[in-house]
Amino acid sequence: MTKNLQKTFVLKKQDIKHQWFLLDAAGKTLGRFASEVAKILRGKHKPTFTPHEDGGDGVIIINADKIRVTGAKEGQKVYHYYTGYMGGMRKIPYRTMLARKPGYILEHAIKGMMPSNRLTDGQLTRLRIFAGEEHNLDAQKPIKANI
């Protein structure tokens, strides 16, 4: 009695090939867009996904200043940070952050959707965000993707 058993595929470090994707954030909803980017960075869009190996791809995001949020978040969403001094809690509204650092809004959302493990920092190094239409990463030969 022989059983036809399949073996589980495990991606090896030497078999990993990182591609780069070019994504346009213009008119996209912040949370939905960030979750798709996190999926690409982790490699979950590939059939060869292995949780303990960094098999994800790089992502170049353009038009980060044209991202949108739904509902009343534009007037209510606040970003916090602490300076380290007594009374040093700083609060920056979404509109101000969008004017100052539009890339931070996307970076903050994407980082929050990544798992807290040893692979995350390496995966986030393959994330590049640009406020406008132009980017300087033509050498990576990015594939234009539509999400």
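Before looking at the sheet I fixed my terms: I count two strands as paired if DSSP finds at least two bridges between them. The model I am reading is a predicted one.

**Sheet**

With that criterion in hand, I looked up the strand order and found an open sheet of four strands, arranged S5-S2-S1-S6 with parallel pairing. I then checked which strands close off the sheet, and noted that strand S5 (127-129) and strand S6 (143-144) are the edge strands, each of them pairing on one side only.

Turning to the S5 side, I found that strand S2, which covers residues 58-62, is joined to S5 by three bridges, and that these two strands run parallel. For one residue of this pairing I traced the partner itself: Ile61 has Ile129 in S5 as its bridge partner. I also looked for what covers this part of the sheet, and recorded that helix H4 (residues 102-112) packs on the sheet with contacts to S2 and S5, its direction making about 155° with that of S5.

**Whole chain**

I next listed the secondary structure of the chain, which comes to five helices and six strands. Reading along the sequence, I wrote down the pattern as β-α-β-α-β-β-α-α-α-β-β. The radius of gyration I noted is 18 Å, well over the 15 Å that the globule rule gives for 147 residues, so I describe the chain as more spread out than a compact globule. Along the principal axes, the C-alpha atoms fill a box of roughly 70 × 40 × 30 Å.

**Cavities**

How many cavities of 30 Å³ or more does a search of the whole structure find? I recorded two.

For the largest cavity I noted about 50 Å³ of space. Its lining consists of Arg42, Phe49, Thr50, Pro51, Glu53, Pro115, Asn117, Leu119 and Gln123, and when I sorted these residues by class I had four nonpolar, three polar and two charged.

The second largest cavity has a volume of about 40 Å³, and I listed Leu11, Arg42, Gly43, Lys46, Thr48, Phe49, Thr50, Glu53 and Gly55 as its lining. Here the classes come to two nonpolar, four polar and three charged residues. Setting the two lists side by side, I see that Arg42, Phe49, Thr50 and Glu53 appear in the linings of both cavities.

Methods: Residues are numbered from 1 along each chain as its sequence is written. This is a predicted model: local features need pLDDT of at least 70, side-chain atom pairs count only at pLDDT 80 or more; totals for chains, interfaces and linings use all residues. Side-chain values use heavy atoms; hydrogens and water are left out. On a 1 Å grid over the protein atoms alone, a cavity is a set of points where a 1.4 Å probe fits but cannot get out, and a pocket is an open set with protein on both sides within 12 Å along at least five of seven lines; lining residues have an atom within 4 Å of a point. Grid points are joined across faces, edges and corners, and a volume is the space filled by probe spheres set on the points. Ala, Val, Leu, Ile, Met, Phe, Trp, Tyr, Cys and Pro count as nonpolar, Asp, Glu, Lys and Arg as charged, and the others, Gly among them, as polar. Contact means heavy atoms within 4.5 Å. Axes are lines fitted to C-alpha atoms, for helices over the stretch in contact, and angles run from 0 to 180 degrees between N-to-C directions. The radius of gyration is taken over C-alpha atoms; the globule rule is 2.2 Å times the number of residues to the power 0.38.
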